Structures are given as structure tokens and as C-alpha cells.
Amino acid sequence: MNDIDNINMKYAFKEALCALYNNEVPIGAVIVDDKNIILGKGHNMTNKLKDLSAHAEIQAMTAACNYLGSKYLKKCTLYVTLEPCMMCMGAAYLFMINRIVYGAKNSHKKFINHKKNIILNFLNSSTEHSEMLKSFFKKKRIKYY
């Protein structure tokens with residue numbers, strides 16, 4: 001974990017705020033290449049698109065692939081505010097993401113991954129994002145954690 005990780009996680013958090021503003025589950029993601037250029041970003045859009053696969057990570061990976069004109073994201077890092085679900089971890093594997101940095105632990109749907117280069121519970125974003133999720137679901141009266 002370094003200053004670049006901290007900066008990029010803040011971009012992911014801004015995406016989570018976009019989701020929250022649009023009444024989506026507040027999760028955000030960005031894809032950054034090895035030169036620290038943001039190639040794609042995304043936030044949850046499952047309600048808007050009526051698509052359960054429209055997770056923040058998928059949106060960001062798709063945008064990055066479109067930007068690169070490639071179906072692979074080798075040498076890229078995925079920054080995401082919540083530990084990716086099984087679907088998104090599988091997609092990250094298929095897209096050949098090199099590294100994953102996430103904030104809050106996903107205690108709702110546990111998924112253990114044995115992929116290297118995953119940074120767990122990144123700095124303070126974990127607490128901040130956990131509180132955002134709890135507040136969101138409390139307003140919806142849905143027990144999430």
C-alpha cells in the first residue's frame with residue numbers, strides 16, 4: 001500500500017458516491033494501468049440497467065477494455081471500495097487483472113480467493129465505506145451486515 005493506492009482508492013470512493021446519489025448500492029471501482037493512468041471507472045448500476053451483472057467492477061473493466069481496444073487488462077490494478085463478489089473475482093481473473101485493492105470486507109457474501117496481489121482492507125477506506133453501506137441499507141430497511 002502506498003500513496004498511489006490511496007489516491008486511486010479515493011477515485012473509487014467517488015464512484016461509490018455516484019452510485020449512492022443514484023440510489024444504487026454504493027460501490028465504486030477504477031482500473032489503473034502500470035503507469036497509473038485511469039483506464040476505466042464504474043459504479044453499481046444494477047437498478048438503472050435492470051442487470052444484476054452491472055456491478056462497479058464489471059463497469060470499470062468493460063470501460064477499460066473499450067479504452068484500450070483489448071479484452072485483457074494485464075498490468076492493471078482494480079481498485080474497488082468493497083471486496084469483490086465471486087462473479088467479479090471471476091471476471092477479474094478472465095480479464096487478467098494483475099492486482100486488486102479493495103476497501104471494506106464483504107461480510108454479506110464471503111468469497112475466498114487465492115489469487116496473489118490482493119490487498120485486503122485498504123487503509124481507512126474500509127471503515128468509511130462500511131459506514132456508507134450500513135447507512136444505505138439502514139435507510140432501505142434491508143439488513144446487509
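1. Of the 145 residues in this protein, 46% count as buried. The model is a predicted one, and every value below was computed from it. The accessible surface amounts to about 8,400 Å², and carbon and sulfur atoms make up 56% of that surface.

2. The protein holds five helices and five strands. Their order along the sequence is α-β-β-α-α-β-α-β-β-α. Among contacts with a separation of 6 or more, 52% are between residues 24 or more positions apart.

3. Strand E1 covers residues 28-32. Five of its five residues are buried, so E1 is largely enclosed by the rest of the structure. Buried here means under 20% relative accessible area. The burial applies to both faces of E1. Gly-28, Val-30 and Val-32 lie on one side, while Ala-29 and Ile-31 lie on the other.

4. What does E1 pair with? One partner is strand E2, residues 38-43, which is joined to E1 in the antiparallel sense over five bridges. Within this pairing, Ala-29 has Gly-42 of E2 as its bridge partner. E1 and E2 form a hairpin with five residues between the strands. In that hairpin, Asn-36 has a positive phi near 65 degrees.

5. E1 also pairs with E3, again in the antiparallel sense, over four bridges. Here the bridge partner of Ala-29 is Val-80 in E3. Ala-29 therefore has a bridge partner in E2, Gly-42, and another in E3, Val-80.

6. Strand E3, residues 77-82, is in turn joined to strand E4 by five bridges. E3 and E4 run parallel. Val-80, the residue that partners Ala-29 of E1, stands opposite Tyr-102 in E4. The chain gets from E3 to E4 by way of helix H4, residues 86-94. This β-α-β crossover is right-handed.

7. Is strand E4 enclosed or open? Six of the six residues of E4, residues 99-104, are buried, so E4 is largely enclosed by the rest of the structure. Tyr-102, which faces Val-80 of E3, belongs to this buried strand.

8. To trace these pairings on the model, begin at E2 and go to E1 across the antiparallel bridges. From E1, go on to E3, also antiparallel. From E3, the parallel bridges lead to E4. Three residues mark part of the route: Ala-29 in E1 and Val-80 in E3 are bridge partners, and Tyr-102 in E4 stands opposite Val-80.

Terms used
Residues are numbered from 1 along each chain as its sequence is written. This is a predicted model: local features need pLDDT of at least 70, side-chain atom pairs count only at pLDDT 80 or more; totals for chains, interfaces and linings use all residues. Side-chain values use heavy atoms; hydrogens and water are left out. Buried means under 20% relative accessible area, exposed over 50%, partly exposed in between (1.4 Å probe, protein chains only). Helices (H or I, at least four residues) and strands (E, at least two) are DSSP runs, numbered from the N terminus. Two strands pair if DSSP finds at least two bridges between them. A crossover is right-handed if, with the strands pointing away from the viewer, the path from the first strand over the helix to the second runs clockwise. Contact means heavy atoms within 4.5 Å. Accessible areas come from the Shrake-Rupley method with a 1.4 Å probe; for residues, only the protein chains shown count as cover.
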